Amino acid sequence: MQPVSNSVDLTSKIPNNVGLSDDPKLRKALERWLPNYLDWWRDMGPSDFADKPVYLRTAISVDNAGWAHYDHVKMPDYRWGIFLNPLKEDEATIKCGDDAGKAAWAEVPGEHRNALRRIIVTQADTEPASVEQQRLLGHTAPSLYDMRNLFQVNVEEGRHLWAMVYLLHKYFGRDGRDEAEELLNRRSGDEDKPRILGAFNQPCDHWLSFFAFTMFTDRDGKYQLAALAESGFDPLARTTQFMLTEEAHHLFVGQTGLQRIIQRSAQLEKMDPNGDVRNQGGIDFDLIQRTINYWFTYSLDLFGGEISSNAADFFASGLKGRFREAKKYEDHKAQSGDYRMHLVEGGKLVEKDIPLRNAMNEVLRDEYVADCERALRKWNKVLEEEGVETRLTLPSRRFHRHQGIHAGHFFNPDGELISEDEYRANEQKWLLTPADNDYLLSIMKPVHEPGKFANWIAPPSRGIEGKPLEFEYVRL
Ligand code: BYC
Ligand code: FE
Ligand code: FE
């Protein structure tokens with residue numbers, strides 16, 4: 001197994017705790033990739049603000065004390081690096097599938113090489129994609145606090161790309177290096193060379209979408225990373241374990257960002273003589289609901305098909321486990337048992353039993369949906385406390401799907417099968433529209449005064465790392 005330590009070598013060109021200085025060939029390959037990465041960051045990373053110090057968290061070691069070090073740093077000087085969780089004392093094992101319980105792999109087994117490469121490339125591709133989607137948002141930040149959070153998310157997504165590219169370079173030879181190049185060549189939303197997964201080609205032009213994206217799409221990241229953290233390929237498991245510690249902040253940004261908008265909208269509704277939130281320059285609840293519907297459903301697609309032989313193979317070969325596979329489940333083989341799901345047959349919604357292994361994407365999606373429901377309950381509690389009537393909901397997982405068994409059929413947000421005509425007639429009511437985007441962009445004017453927040457969002461309950469809200473989170 002390869003050496004990793006808690007302390008990070010921050011002085012080398014590529015900060016790392018994987019002993020790069022002892023592996024000249026790999027170090028050289030990554031040092032060749034570095035300028036290409038920096039070019040990409042300059043072209044496709046946050047537009048402007050490169051010369052502004054941002055109060056960023058940087059990992060300086062992977063133990064609890066050191067992984068979050070805060071300081072004002074210019075984004076191009078942020079130390080992107082490669083950090084793996086250290087080896088556990090006891091030998092790592094394969095967590096699921098036919099070989100559950102056997103020793104984990106320190107190298108890529110030949111028979112799983114293609115599948116593993118595909119998984120790692122797919123994971124890797126989302127990281128730069130999200131940075132591309134968010135690149136203009138710095139210009140419309142509702143506060144310095146929020147601007148700082150955006151940039152924190154951006155640099156860490158960049159680091160996640162580094163983490164995956166390290167695996168590609170170290171374990172996949174020539175193919176891996178080619179894939180690493182391609183990761184810098186695809187572009188979110190580009191017709192000719194789009195990003196791999198649907199959600200990562202959707203526009204994220206304003207802060208309502210940014211918060212919904214970090215709430216719902218980064219949360220897919222949490223569940224996919226957690227499934228990979230159970231991988232029998234030990235370097236992947238330990239890489240994703242460390243990524244998950246950073247991911248928690250992204251989810252915090254999304255969940256509390258939406259919560260602050262919801263709270264402010266409730267206040268504006270009460271303030272207005274006609275209860276008209278827009279009249280007060282705020283974001284009305286219907287628009288918030290359409291945004292939830294939009295990003296939640298694109299994020300559901302990220303789990304892949306409900307019935308998937310890929311997923312069955314990944315599980316059977318121990319490449320990808322369930323959420324908390326080792327801790328939560330007793331039977332790690334899942335050779336028997338079914339999963340009952342709804343699907344359309346002969347124009348009707350029927351129930352069917354699917355062999356459990358083939359339903360692993362849906363099993364992971366269940367965990368995700370339950371997690372999203374918890375956030376919805378919190379938001380509705382805020383609405384209750386503010387004394388407004390509106391409640392927000394998650395749409396059915398059949399609604400507005402582009403992947404899996406529900407794609408190509410038409411459902412309303414309650415999950416009832418409807419005709420295409422009915423769907424088209426209501427689409428504007430259910431999903432984010434271009435007119436919504438225009439309105440949101442019209443109210444999103446930047447606020448640069450420390451401690452001040454745009455009218456459409458409530459301040460957070462506290463600052464970052466014990467700092468007050470008036471702190472200069474970005475020095476402009
Ligand atoms: N859009 O067997 P199927 C994150 C493709 S987010 C477009 O049903 P499978 C982050 C699929 O590739 C986490 N295409 O699905 C968040 C396959 O294509 P091929 C990212 C899609 O393979 C925010 C075909 O459809 N990590 O970290 O069981 C900010 C049939 O697929 C989509 C991962 O995704 C889609 N939505 O599962 C920053 C983990 N869905 O092979 C970062 C790695 C499916 O026929 N990926 N397809 O050409 C995987 O484990 C699996 O590839 C998936 C799909 C779960 C994505
Ligand atoms: Fe990420
Ligand atoms: Fe993230």
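The points below concern a predicted model and take up its ligand shell, one helix and a few individual residues.

1. The surroundings of ligand 1. The shell around ligand 1 is made up of 25 residues, and those that come nearest are Ser130, Gly221, Gly304, Gly305 and Asn310. Sorted by class, this shell holds 14 polar residues, six charged residues and five nonpolar ones.

2. The helices that supply this shell. At least two residues of the shell around ligand 1 come from each of helix H2 (113-133), helix H5 (207-228) and helix H8 (309-316). The largest share belongs to H2, from which six residues of the shell are drawn.

3. The length and course of helix H6. Helix H6 spans residues 234-271, which gives it 38 residues, and the distance from its first C-alpha to its last is 56 Å, close to the 56 Å expected at 1.5 Å a residue. The helix nevertheless has a bend of about 35 degrees, located at Thr245, and a reader following H6 through the structure may wish to look at that residue.

4. The environment of helix H6. Is H6 largely enclosed by the rest of the structure, or largely open? Of its 38 residues, 27 are buried, and H6 is therefore largely enclosed by the rest of the structure.

5. Arg290 and its contacts. Arg290 belongs to helix H7, which runs over residues 285-301, and it counts as buried because 21 other C-beta atoms lie within 10 Å, where the cut-off for a buried residue is 20 or more. When residues up to four places away in sequence are left aside, Arg290 touches Trp430, Leu431, Leu432 and Asp436. In addition, Arg290 and Lys429, although separated by 139 residues in sequence, are 7.3 Å apart in space when taken from C-alpha to C-alpha.

6. Asp48. This residue is not a glycine, yet its phi is positive, at about 65 degrees. Asp48 sits in the loop that lies between helix H1 (24-44) and strand S1 (53-58), and it counts as exposed because it has 10 C-beta neighbours inside 10 Å, the limit for an exposed residue being 12 or fewer.

7. Glu465. Here too the residue is other than glycine and has a positive phi, in this case near 55 degrees. Glu465 is found in the segment that comes after helix H12 (434-443), and with 11 C-beta neighbours inside 10 Å it is therefore counted as exposed.

Conventions
Residues numbered from 1 in each chain as written. Chains lettered and ligands numbered in written order. Predicted model: local features only at pLDDT ≥ 70, side-chain atom pairs only at ≥ 80, totals over all residues. Near = placed C-beta within 6 Å. Helix = DSSP H or I, 4+ residues; strand = E, 2+ residues; numbered from the N terminus. Nonpolar A, V, L, I, M, F, W, Y, C, P; charged D, E, K, R; others polar. Expected span 1.5 Å × (residues − 1). Bend = angle between axes of the 7 residues up to and from the residue. Contact = placed C-beta atoms within 7 Å.
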